[in-house]
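Biologist: Thanks for sitting down with me over this one. Could you bring the model up so that we can go through it together?

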Amino acid sequence: MKFCKVWRSAKQSSPEKLYLKKMKSQRTPIIKTVELTKEFRTDDFVTSVLHGVNCEIMPGEFVAIMGPSGSGKSTLMHILGFLETATSGRTVAFSVYEK
C-alpha cells in the first residue's frame, strides 16, 4: 500500500480554501433553493413531500435538517445533491450548477 502526503507551507492555501474565502467575501450562497416542490405520483395517488421550500446556505454555515420520519429530509438532501429532480422550483449550487 502506498500513502501520499501533501505538505503545504502556512502561506499556501488550497484551491478549496481560496474559493471558500472568495464566496464568503461576496456573501454568495453555496446552495440556494427557490419554491422547491416534490411530488411522487402513482396511477391513483399523488403524494406531496416538499411544499415551496426556500433556503440559502452560506459559506461556513453548518445546517441541520430535522423533522419527523417521512417528512422529506432525505428527499431534500437528494435534491440538494442533484441525485433527484424536484417537481418544480430551482436548486442552485455554487452559483454554477442549476436544475
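Biologist: Let me begin with a detail. Which backbone oxygen lies 3.2 Å from a polar atom of the side chain of Thr-33?

Modeller: Keep in mind that this is a predicted model. Thr-33 sits in strand β1, which covers residues 31-41, and at 2% relative accessibility Thr-33 counts as buried. A polar atom of its side chain is 3.2 Å from a backbone oxygen, and that oxygen belongs to Val-53.

Biologist: And which residues is Thr-33 in contact with, leaving aside its neighbours within four places in sequence?

Modeller: Happy to list them. With a relative accessibility of 2%, Thr-33 is on the buried side of the 20% cut-off. Its contacts beyond four places in sequence are Val-53, Asn-54, Cys-55, Leu-80, Arg-90 and Thr-91.

Biologist: Let's step back to the whole chain. In what order do the elements of the protein run from the N terminus on?

Modeller: The secondary structure comes to 2 helices and 4 strands. Buried residues make up 23% of the 99 residues. Reading from the N terminus, the order is α-β-β-α-β-β.

Biologist: What share of the contacts with a separation of 6 or more comes from residues 24 or more positions apart?

Modeller: A contact here is a pair with heavy atoms within 4.5 Å. Among those with a separation of 6 or more, residues 24 or more positions apart account for 50%.

Biologist: Now to helix α2. Why do its buried residues line one face of the helix?

Modeller: Helix α2 spans residues 73-80, and its buried residues are Thr-75, Leu-76, Ile-79 and Leu-80. Seen down the axis of α2, these buried residues fall within an arc, so they line one face. As background, an α-helix has 3.6 residues a turn, so residues three or four places apart point the same way. The arc for α2 is 135°.

Biologist: Which strands do those buried residues of α2 pack against?

Modeller: Take Ile-79 as an example from the buried set. Not counting residues up to four places away, Ile-79 touches Leu-36, Lys-38, Leu-50, Glu-84, Thr-85, Ala-86 and Thr-91. Taken together, the buried residues of α2 pack against β1, β2 (46-57) and β3 (88-93).

Biologist: Which residues form the largest nonpolar core?

Modeller: That core has 9 residues. Strands β1 and β2 and helix α2 each supply at least two of them. The members are Ile-30, Ile-31, Leu-36, Val-49, Leu-50, Ile-57, Leu-76, Ile-79 and Leu-80.

Biologist: I'd like to check the backbone too. Which residue with a positive phi follows α2?

Modeller: Look in the loop between α2 and β3. The residue there has a phi near 60°, although it is a residue other than glycine. At 25% relative accessibility it counts as partly exposed. The residue is Phe-82.

Biologist: What is the phi of Glu-35?

Modeller: Glu-35 lies in strand β1, and it is partly exposed, with a relative accessible area of 46%. Glu-35 is not a glycine, yet its phi is positive, at about 45°.

Biologist: On to the charged side chains. How many salt bridges does the count come to?

Modeller: Side chains of opposite charge can pair when their charged atoms come close. One of the pairs is Arg-41 with Glu-39, at 2.8 Å from N to O. In that pair Arg-41 is exposed, at 58%, while Glu-39 is partly exposed, at 27%. The count comes to 3.

Biologist: How many residues apart are Lys-32 and Glu-56?

Modeller: Their side chains meet in a salt bridge with an N to O distance of 3.8 Å. Lys-32 is in strand β1 and Glu-56 in strand β2, so to speak distant parts of the chain, and the two are 24 residues apart.

Biologist: Last one: is Lys-38 buried or exposed?

Modeller: The side chain of Lys-38 meets that of Glu-84 in a salt bridge of 3.6 Å, N to O. Glu-84 lies in the loop between α2 and β3 and Lys-38 in strand β1, so the pair ties together parts 46 residues apart in sequence. With a relative accessible area of 10%, Lys-38 is buried.

Definitions and conventions. Residues numbered from 1 in each chain as written. Predicted model: local features only at pLDDT ≥ 70, side-chain atom pairs only at ≥ 80, totals over all residues. Heavy atoms only, no water. Buried < 20%, exposed > 50% of the residue type's maximum accessible area, 1.4 Å probe, protein only. Polar contact = N/O pair within 3.5 Å; in protein donor to acceptor, adjacent residues only side chain to side chain. Arc of directions from axis to C-beta. Core = buried A, V, L, I, M, F, W, Y, C linked by side-chain atoms within 4.5 Å. Salt bridge = Lys/Arg side-chain N within 4 Å of Asp/Glu carboxyl O.
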